[in-house]
Amino acid sequence: MRRIPPETIEQIAAANDIVEVIGSYFPLRRAGSTYKALCPFHQEKSPSFTVNPQRQIFKCFGCGAGGSVFRFVQDYEKVDFMSAVRKLADRAGIRIVEEELSPEDSAKVDMRRRLLAIHADAAEFFQQQLFRAKSAHVAREYLKKRGLTADIARAWKIGYAPDAWDALGSFLRQQGYKHDEIVTSGLVSTREDSDEYYDRFRNRVMFSICNDTGEVIAFSGRILAADAKAAKYVNSPETPIFTKGDVLFGLHRSKRALIEKKSAIVCEGQI
Ligand code: ZN
């Protein structure tokens, strides 16, 4: 569907020296014509992880991991090939121009990009509200009671949705988002008989839900007011960037440890 021209991939590889890239993750020690380190992919006491600057490859003689600079980023960051290519293109300041996108496909890619931007801005908005808005004092009290400090709130992008029908909506319009983008984001609800919309999340503590690379793709809002009719939690609906069954909360912060320990403790709820 999407295609990055092979010349661009070669250009990206050439612009990302493997010693520099791996050396930016952990220190490498020079050993003759190669570099060595303790292998990040298996437990060991003496270094068998080798980086060869001439051949621009890495190789572990302990566990067999090895390959190009793209392979390293894929394995270390646990991302797919395209994400690794993009990361390294960004690092080298190379612009990727994709080929052979049908109009439908480019519309999809474009919408996805806009939805991610909306969610990043919304997370920022909710966070600003939590820290600055007078009306957020109940939310701040709640978080305090649950032992969640300001640092934790910042690290986990926890925020507050004000008790208003058009707070986030009007903020998003001010940021220049279009009507259909805002509606598709699911952060607003539409009225049945018109295309008007109102904020889906009101007077709630907002938990950002991220994909495994740490991008905000949805929210879960916990109720603050005692209201028997309202749901305790309201979640984002499914959107082009959010499929409920595909997401595990907190995975972007725990995936490396999960892989290293080969085990996981799964809990219900965000906190
Ligand atoms: Zn290894």
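Q: Which residues are the protein donors of the zinc ion?
A: In this predicted model, the zinc ion has its protein donors lying 2.1 to 2.3 Å from it. The donor atoms are SG for each cysteine and ND1 for the histidine. The protein donors are Cys-39, His-42, Cys-60 and Cys-63.

Q: What is the geometry of the site of the zinc ion?
A: The angles among the four donor atoms of the zinc ion are 103 to 118°. Four donors count as tetrahedral if all angles lie between 85 and 135 degrees. The site of the zinc ion is therefore tetrahedral.

Q: How are the donor residues of the zinc ion spaced in sequence, and how many residues apart are Cys-39 and Cys-60?
A: The spacing of the donor residues follows the pattern C-x2-H-x17-C-x2-C. Cys-39 lies in the loop between strand S2 (34-37) and strand S3 (49-52), whereas Cys-60 belongs to strand S4 (residues 57-60). This pair links distant parts of the chain, with a separation of 21 residues.

Q: Are Cys-39 and Cys-60 buried or exposed?
A: A residue counts as buried when its relative accessible area is under 20%. Cys-39 and Cys-60 both fall in this class. Both are buried.

Q: At what angle do helix H3 and helix H4 pack, and how is H3 oriented to H4?
A: Helix H3 (residues 69-77) and helix H4 (residues 81-92) have their axes 9 Å apart and pack at an angle of about 110°. Angles of 65 to 115 degrees count as roughly perpendicular. H3 is therefore roughly perpendicular to H4.

Q: Which residues of H3 make the contact with H4?
A: H3 passes H4 in a right-handed crossing. On the H4 side, the contact is made by Phe-81, Ala-84, Val-85, Lys-87 and Leu-88. On the H3 side, the residues are Val-69, Phe-70, Val-73, Gln-74 and Glu-77.

Q: Which residues of helix H1 make the contact with H4?
A: Helix H1 (residues 6-15) packs with H4 at an angle of about 55°, their axes being 9 Å apart. That angle makes H1 oblique to H4, and the crossing is left-handed. H4 contributes Phe-81, Val-85, Leu-88, Ala-89 and Ala-92, while the residues of H1 are Ile-9, Ile-12 and Ala-15.

Q: Why does Ala-120 count as partly exposed?
A: Ala-120 is placed in helix H5 (residues 103-132). The partly exposed class lies between the limits of under 20% for buried and over 50% for exposed. Ala-120 counts as partly exposed because its relative accessibility is 44%.

Q: What distance separates the C-alpha atoms of Ala-120 and His-252?
A: Along the chain, Ala-120 and His-252 are 132 residues apart. In space, their C-alpha atoms are separated by 15 Å.

Note on methods:
Residues numbered from 1 in each chain as written. Predicted model: local features only at pLDDT ≥ 70, side-chain atom pairs only at ≥ 80, totals over all residues. Heavy atoms only, no water. Donors = N, O, S within 2.8 Å, 3.2 Å for Na, K, Ca; no water. Tetrahedral: all angles 85-135°; square planar, octahedral: opposite > 155°, others 65-115°. Helix = DSSP H or I, 4+ residues; strand = E, 2+ residues; numbered from the N terminus. Buried < 20%, exposed > 50% of the residue type's maximum accessible area, 1.4 Å probe, protein only. Axes fitted to C-alpha atoms, helices over the stretch in contact; angles between N-to-C directions. Parallel < 35°, antiparallel > 145°, perpendicular 65-115°, else oblique. Left-handed = near helix turned anticlockwise from the far one by under 90°. Contact = heavy atoms within 4.5 Å.
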